[in-house]
Amino acid sequence: MDLQYLVREPQNITPETPVLFLLHGYGSNEEDLFSFVPTLPEDWLVISFRAPKDSSYGGYAWFDIDFNNAENFVDENEANEAVKLVLENIMGVTNRYGLTDNKTHLCGFSQGGMIAYSLALQYPDLFSKVACLSSYPEGKLLNNIDRNKKKYENMRFFISHGTEDAVIPLEWGRKAADLLYDLSAYFSFREYMSGHGVNQKNYLDLMEFFKK
């Protein structure tokens, strides 16, 4: 299945052109994170995917979530299928543009961040910079993570969370620090005075991370 997406193409595309894939949150759409484009590096190809499911709150979802059940917050089968689908589409876009010697970056917000964690930790060879915003590493999506610490030497993670997040608790988000520390991955974990979203300081720090 081919996901719909928005694209910002740089002036020149070569096999070495960096690409950034954006994964929106539950109930949102591909236009949400695509708003980052004006401040992202101009020589990057930027792809913002639309999730495949209609969400019950409007917008789109990668998989079902039960907001009333913390124990079964995530539909495991659906979520793992979504991870596979995103990977297939990442590979499809990469092939379509002939990107054979490039860096591939990921940025996911909330539910999109769960997919970003899963992809980055299962396939560390494929990714370079990974940003997970207002999200957490969901154990049901991490059954096959690569524990070879050498694989993470060239990766960089940016993790951010709002201290007043009422959708994904801060303590869930903090699990990322323990997990990435155990894998000897390079990461920055930052907390902001905000709710379930990206405030101005968070945004500026994220852009600095991508431009380094």
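Let me start at Gly59, which in this predicted model is found in the loop between β4, residues 53-54, and β5, residues 60-61. With a relative accessibility of 31%, Gly59 counts as partly exposed, and, if we set aside residues up to four places away in sequence, Gly59 touches Gly27, Ser28, Lys53 and Asp54. To give a sense of distance, the C-alpha atoms of Gly59 and Thr104 are separated by 26 Å, while along the chain the two residues are 45 apart.

From there I would like to go to another loop, the one between β2 and α1, residues 31-34, where Glu30 is found. Is Glu30 buried or exposed? At 8% relative accessibility Glu30 counts as buried, because the cut-off for that word is under 20%. Its side chain makes a polar contact, at 3.0 Å, with the side chain of Arg50, and Arg50 also appears among the residues in contact with Glu30 once neighbours within four places are left aside, the others being Leu6, His24, Ser48 and Phe49.

A second buried polar residue is His105, which lies in strand β6 and has a relative accessible area of 3%. A polar atom of the His105 side chain lies 3.1 Å from the backbone nitrogen of Lys129, and the contacts of His105, again without the neighbours within four places in sequence, include Pro18, Val19, Leu20, Phe21, Trp44 and Ser128 as well as Lys129.

Let me now turn to helix α2, which runs over residues 76-96. Why does the distance between the ends of α2 agree with what one would expect of a helix? At 1.5 Å a residue, its 21 residues should span 30 Å, and the end C-alpha atoms are indeed 30 Å apart. Several residues of α2 are buried, among them Ala79, Ala82, Val83, Val86, Ile90 and Val93. In reading such a list it helps to recall that an α-helix has 3.6 residues a turn, so residues three or four places apart point the same way. What covers the buried residues of α2 includes the strands β1, β2, β3 and β6, together with helix α3, residues 111-122. Just after α2, Gly98 takes a positive phi of about 65°.

That brings me to the nonpolar interior, where the largest core has 51 residues, and where Trp62 and Phe157 are those with the most contacts inside it. At least two residues of this core come from each of β2, β3, α2, α3, β7, β8 and α4, and α2 gives the most, with 8 residues. Looking at Phe157 in particular, and leaving aside its neighbours within four places, one finds it in contact with residues including Ala120, Leu121, Val130, Tyr152, Leu180, Phe187 and Phe209. There is also a second, separate core of 20 residues, which includes Trp44, Ala131, Leu133 and Leu206.

On the aromatic side, the count comes to 7 pairs. Taking one of them, the rings of Phe158 and Phe209 have their centres 5.5 Å apart and their planes at 35°, so this pair is tilted. It links distant parts of the chain, since Phe158 is in strand β8, residues 156-162, and Phe209 is in helix α5, residues 200-211, with their positions 51 residues apart. Both Phe158 and Phe209 are buried, and together with Trp44 and Phe210 they form one aromatic cluster.

Phe209 has a charged partner too, for Lys129 lies over its face, at 5.6 Å from the ring centre. A second such arrangement involves Arg156, whose charged end sits over the ring of Tyr186, 4.0 Å from its centre.

I will finish with two backbone details. Most residues other than glycine have a negative phi. Ser134, in the loop between β7 and β8, nevertheless has a positive phi near 50°, and Ser184, in the loop between α4 and β9, has a positive phi of about 60° although it is not a glycine. Where these two serines part ways is in their surroundings: Ser134 is buried, with a relative accessible area of 1%, whereas Ser184, at 41% relative accessibility, counts as partly exposed.

Terms used. Residues are numbered from 1 along each chain as its sequence is written. This is a predicted model: local features need pLDDT of at least 70, side-chain atom pairs count only at pLDDT 80 or more; totals for chains, interfaces and linings use all residues. Side-chain values use heavy atoms; hydrogens and water are left out. Helices (H or I, at least four residues) and strands (E, at least two) are DSSP runs, numbered from the N terminus. The expected span of a helix is 1.5 Å times one less than its number of residues. Buried means under 20% relative accessible area, exposed over 50%, partly exposed in between (1.4 Å probe, protein chains only). Contact means heavy atoms within 4.5 Å. Rings of Phe, Tyr and Trp (its six-membered ring) pair if their centres lie within 6.5 Å; planes under 30 degrees apart count as stacked, over 60 as edge-to-face and the rest as tilted. A charge sits over a ring if NZ of Lys or CZ of Arg is within 6 Å of the ring centre and within 35 degrees of the ring normal. A nonpolar core is a set of buried Ala, Val, Leu, Ile, Met, Phe, Trp, Tyr and Cys residues joined through side-chain atoms within 4.5 Å. A polar contact is a pair of N or O atoms within 3.5 Å; within protein, one must be able to donate a hydrogen and the other to accept it, and residues adjacent in sequence count only if both atoms are side-chain atoms.
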